[in-house]
Amino acid sequence: MPKRTDIKSILIVGSGPIVIGQACEFDYSGSQACKALREEGYKVILVNSNPATIMTDPQMADVTYIEPLVPEILEKIIAKERPDALLPTLGGQTGLNLSVELYKRGILDKYKVELIGADAEAIEKGEDREKFRESMLKIGLDVPLSAVVHSLKEALEWADRHKKYPLIIRPSFTLGGTGGGIAYNRDEFERMATFGLNASPAGEILIEESLLGWKELEMEVMRDCKDQCIAICSIENFDPMGVHTGDSITIAPALTLTNKEYQLMREASFAIIREIGVKSGGSNIQFALNPVDGRMIIIEMNPRVSRSSALASKATGFPIAKIAAKLSVGYSLDELKNDITKETPACFEPAIDYVVAKVPRFAFEKFAGSDSTLTSSMKSVGEVMSIGRSFKECLQKALRSLEIGARGLGGGGKFGGREVTDISAISNGLVRPTAERIFYMRYALLAGMSREQISDYTKIDPWFVNEVAGIVEIESELADAGIRGLDADLLERAKKAGFTDLQIASICNTKIRNIKKLRDDFGINTVYRLVDTCAAEFEAYTPYYYSTYGTENELKPSARKKIMIIGGGPNRIGQGIEFDYCCVHASFALREAGYETIMVNSNPETVSTDYDTSDKLFFEPLTLEDVLEVYKQNNCDGAIVQFGGQTPLNLASELKENGVNIIGTSPESIDAAEDREIFKRIIEKLHLRQPVNATATTPEDAYKLAGQIGFPILLRPSFVLGGRGMFIVYGMEEMKKVVREAFEAAPGKPVLLDKFLEDAIELDVDAISDGETTVIGGMLEHIEYAGVHSGDAAMVLPPHTLSENILDEVRRATFDLAKELKVVGLMNIQFAIKKGEVYILEVNPRASRTVPFTSKAIGVPLAKIAARVMAGEKLKDLGFTKEVKIPYIAVKESVFPFVRFSGAPIMLSPEMRSTGEVMGLDTDLGTAFAKSQIAAQPGLPTSGNVFLSVKDHDKDMAVEIAKSLDRLGFKIFSTAGTAKILQDNGIPVTRTYKLNEGARPNVVDMIKNDEIALIINTPSGMYPRLDENHIRQEALLKKVCMITTIMGAYAAIRGIEAMGKRELDVKSLQEYMAMLNETKK
Amino acid sequence: MNSAVLAFEDGTVYRGKPFGAKKTVLGEAVFNTSMMGYQELLTDPSNYMNILVMTFVEIGCYGINDEDSESGGIKASGLVVARDCEIPSNWRSRMGIGEYLEKNGVPGISGIDTRTITRKIRLNGSLKACLSTEDISDEEAVNLARRWSGIEGSNFLKDATCESAYHFDDSEKNIKPFELGGVHINTRKRTFPLFKCAAIDYGVKKSLLRSLAYSGFDVTVFPARVSAEEISDFAPQCVFLSSGAGDPAAAPKEAEVAAKLMKKYPVFGVGFGHQIIARALGAKTYKLKFGHHGGNYPVRNIETGKVSITSQNHSFASDAESLENAGAIVTEVNLGDGTVEGLRHRDLPTFSIQYHPGAAPGTPGSDYPFDAFYDLVGKNS
């Protein structure tokens, strides 16, 4: 069937800020959809609150809204744009839930908007546990024993009746299983059921019999309007049932199923997608298989593109989101071509001739006090994918792609020696699923534990255990052989099992160059293979490569000028989509300028690893060895390291030593900015100001220096991103508690001590320089005082409190620093302003996290311009010579994953903990801030009760805030200390109790009873006290708006005031750009 | 270590690790892109005189079980893999793939870069090959490959067919659809009443007979050399021409018999059987450059417009133009290269498909061709 002509415009809903369980894979799928639909001539209207996405680039859609993803705002957009259709299946769970909500509220009917791809009925059938269960039983499939309950009483009754512990608790309608868990006894069950009922927006949980230890498998399937179904990919989980699939190591294709079993799963998938009624598009279906008898159980299905479908797309080369978008407008699969082969149709099932591994990346170190056991609630913040010609090869490639210090399995580095030898520690490490379990399997084998025993402890399929054992055997053989005994056969087997030269050198106790030399002698060379969807049966045209060892190299370097762009690797807190955004822009810009771009990255969620983004894509680990090989074999002319975050920067010097031409700012300048002593000299030379500081190489050193500087002090490890190991300490006692952690964050590197500037205003400046001209991209004033990591702080562009004099001083400092550091490309400077004096906190001559936000706010693609500058062009030729002054306000707010890490302190600190960001745009600060809060959820309340409790330091300001709240009609509740101050100042306040006072009702009771609309609570020490944290956790669960800094409270007041003055309205990015052009005239 | 050799007629030689039987074999190197199903492929008689090259890299992971073989043993000449897994894991597994090859007297070679070989075959067309695990020299292996007569023009039926006629065991246990812990998608029961069906075995797959039986046929299998008269004496209600091995052009007698049967009975052919029908009608068949071997081929049914993904394993194809001239209607085509995948006679109750139904992919018993055959027989009896 040809495409539909009765619809002209389509609304696409994005997935909002990056959160655990919903990351940049939806930017990848959404961007693909935008391209696919515009290609077909449809008008695309896009809405997403996340400015760090490629999809919200103004040229991606016809109309782009960066507005909060809530029904009220969506209704306004729909009323204004009157789209014919809404495509709900590309914006993750957020997009899906929002679309259903719009349908339920009658908004879609009112404005005659058709849901395409999947209709509301199908979405409900797929998402609603009970309906899904009924549907599965109806078509003869098996589901686990389960019940949906809405109260604790019901839950306990069911559990008591069946007595089938362990039981799994899954809250309905939550992301990545937030609030879910496994209960082994009644006590645990009661606690988890309570938590789950709270976490579910519908107050509903599913209780299920446990399938712990069963095999877990996934299928990615598609269906079109002619009822043609295809299976794109099967995925087998290395970790058995019990670990969320997002937290599991997964493998494609499934390896331990026979054809018959696979075919049954495939047919079941088709039966499911038909029964649920997904008319056109993709679905993901999860299965559990009993390893003893093969009993097959359906776990769940997602009637939309998902994290797994993004992985399947990257794993097979089949662009699921793009095809799903085309199917949604009426095409059938046989009418679409396979991009990769050009000749063959998209209606086929990819055949792959390699193995793919996905390994999740975690950030437990940022959430001290939380439990690192992996459960059915997802906790990973990112993932890597790798491709190899054997399971062993891809597993080791994936492990070194993680960038956690592991080189693979063995061969030195983190987890690569004999760190754990105690058998009971090893057993514990196997029984408890954690991020490190894979390394414990090696420890177990080295300690002589049998494969059967390992399989029994972990429930990991014996096949995988044997493969891991195979890797460890090769390690032993290498160790036995040493460099003298290393023959061609062993070396080749080691390379084919994924060992790097570095690992082999380390095991054989020799230098890397000796291994390289041996490989040259034996002719064991790295070759590149194509990901071609068809196992080489047809010719492939899409240059998407992976490295391996074999008899043929399919890489044919072109004669063009080539620039390599090194990506950011797995998403982690502090390094995520913002850097991928910059890499993608660099590629786009350099392609426009006529270069061939070569992207290297290991992150399957990203737009940078879409085979459309660059001229050549290399899906490779970002280690020196892997990256260098890509550079050399392609005969690249240059490499960009300043866009991918810390990952490529850490490689910069060694790449340069190995002959790589690093374009843009030199690695020496980057190091100079990082090196305290050199940097101090630069500051002095330029007559700039820095907080008093010192560099400590040992904890003892640090204590001594602290005495000289005087408290409060900011402790900061060097060469880390995201404030890992960063602390503000107010005294020696506090310092002693944390100094070791600061040193451990970057082993072998010194720790920096800065005099902490209390109550200073912080300012982030993004600028761009071509070596001659420097232009300010944007100045972002933090809402919170200094001491909150810039990745976590709310920011306002343009600055809302600083005077023009101060800003001029900041500009001058920026220009001087750019010149002195010979910046070519982007730079980011953090300033602090205290008592009218400007201090330089940090200079980073590279792309920063705020580049996408700033670019969107000022309507200038900074990363693109920077890439062109790095390739030798001048700002004046590119037409960017003047700082853009915007006639509106852009507010950046961060979102946090605290709800996943029960037990961790909930607070803003110098250590970054946010996973994502949103943007609030409007013509006044109050409204822009209010929008940013709505987008980050929960939004600001406009009436109700406020719980106000602040530390002594903030008490004066609290009085002002209380006055405003009172004037705005809020009823104030405070604990003793704050209440007294308010009373003394004549502000009506109701005294309430702290938890440790014992009296009831206390503040937690009030939160539980939905009696609190807003919490303003500033912590007194480095961490919130236990009872404070309890309040915060409760607020988090009940989605009560919570503010933890006094400056945040000020901003909130302005937001609440603004919301009272006028109704929120919506404006597209294109309209803002028109406003901007108007002022330029 | 690398004592096994794989040599091609073009003179290229690859060395690898031997596994399976110690033996030297000849055959046409055929790559198969199925990621699973090596047990079915090895035992599919259509692979007779094929040296099977698996494009997927991890082979043998789930072992060999008692249920999934398509015939009494391995029919392919040899197996070429990137890696053979020695320790399989699956609850149905009974032995490793190496052991199975050895038991069947078939050699295997592993550690071969099968993608390189696939690309070579794609570019040059299919190649005669020699696979040896007996420590022979490169030259000798190349010479053996060159000297072999090849598949084109060869009739392998006497090796691929059964010894003598037999009644296919249609006990419930033998024909019930595959299930996992009580779950199977095809929830319908066996079709009744049964039609008496004569199946001619050119190298039939068990799954085809199973599907046939489940779809409402009482099946008796006859050797390929059976005459039209013997079939008439048996007095069936319909005839099934099975899949099989070799060049259909080299089987004129079988085509002659088929032509006679088509005039008398409703006839349904699959794979080689489809090619025999084409020959019987007087149409041409030809050898494809490297054939279709895999589980992911899209086929469009011209009459319904619908596309389904099919499993295919054929080196020969029937020629569309000559089919149309011979009174046949092309009913199905390969969406990729447009080759004929199904036909129906304009007047006679005869139809056939080139791909393999009801096995991989697809579930037994629920497929279009068997039901269509049942309806056709119903109408004509």
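This passage describes chain B, its contact with chain A, and two elements of chain A. The model is predicted.

Chain B contains 12 helices and 21 strands. Its C-alpha trace spans about 60 × 50 × 40 Å along the principal axes. The radius of gyration of chain B is 20 Å, and a compact globule with 381 residues would have a value near 21 Å, so the two agree. Of the 381 residues in chain B, 63% are buried. Contacts in chain B were also examined by their separation along the sequence. Among those with a separation of 6 or more, 75% join residues 24 or more positions apart.

Chain B is divided into two parts: domain 1 covers residues 4-147, and domain 2 covers residues 157-380. The C-alpha centres of domain 1 and domain 2 of chain B lie 27 Å apart. Domain 1 of chain B brings 19 residues to the contact, and domain 2 of chain B brings 23 residues. On the domain 1 side, two elements of chain B give two or more residues each: β3 (24-32) and α3. The most comes from β3(B), with three residues. By class, this side of domain 1 of chain B, which touches domain 2 of chain B, has nine polar, six nonpolar and four charged residues.

The contact between the chains comes next. Here 48 residues of chain B are in contact with 56 residues of chain A. Three elements of chain B give two or more residues to the side that touches chain A. They are the helix α3 (114-124) and the strands β17 (285-301) and β18 (307-318). The most comes from α3(B), which gives five residues. By class, the side of chain B that touches chain A has 20 nonpolar, 17 polar and 11 charged residues. Thus α3(B) is listed both for the contact with chain A and for the contact between the domains of chain B.

In chain A, helix α9 covers residues 259-276 and has 18 residues. From its first C-alpha to its last, α9(A) reaches 25 Å. This is close to the 26 Å expected at 1.5 Å a residue. Of the 18 residues of α9(A), 16 are buried, so the helix is largely enclosed by the rest of the structure. A residue counts as buried if 20 or more other C-beta atoms lie within 10 Å of its own. After α9(A) comes G277(A), which has a positive phi, near 90°.

Strand β32 of chain A covers residues 889-895. Seven of its seven residues are buried, so β32(A) is largely enclosed by the rest of the structure. Both faces of the strand are covered. On one side, I889(A), V891(A), E893(A) and V895(A) are buried. On the other side, A890(A), K892(A) and S894(A) are buried.

Two strands of chain A pair with β32(A). Strand β29 (residues 795-797) of chain A pairs with β32(A) in the antiparallel sense over three bridges. Strand β33 (residues 916-922) of chain A also pairs with β32(A) in the antiparallel sense, over seven bridges. A890(A) has a partner in each pairing. In β32(A), A890(A) stands opposite L797(A). In β33(A), the residue opposite A890(A) is L921(A).

Technical notes
Residues are numbered from 1 along each chain as its sequence is written. Chains are lettered from A and ligands numbered from 1 in the order in which they are written. This is a predicted model: local features need pLDDT of at least 70, side-chain atom pairs count only at pLDDT 80 or more; totals for chains, interfaces and linings use all residues. Helices (H or I, at least four residues) and strands (E, at least two) are DSSP runs, numbered from the N terminus. The expected span of a helix is 1.5 Å times one less than its number of residues. A residue is buried if 20 or more other C-beta atoms lie within 10 Å of its own, exposed if 12 or fewer, and partly exposed in between; C-beta atoms are placed from the backbone. Two residues are in contact if their C-beta atoms, placed from the backbone, lie within 7 Å. Ala, Val, Leu, Ile, Met, Phe, Trp, Tyr, Cys and Pro count as nonpolar, Asp, Glu, Lys and Arg as charged, and the others, Gly among them, as polar. Domain bounds come from an automatic or database domain assignment. The radius of gyration is taken over C-alpha atoms; the globule rule is 2.2 Å times the number of residues to the power 0.38. Two strands pair if DSSP finds at least two bridges between them.
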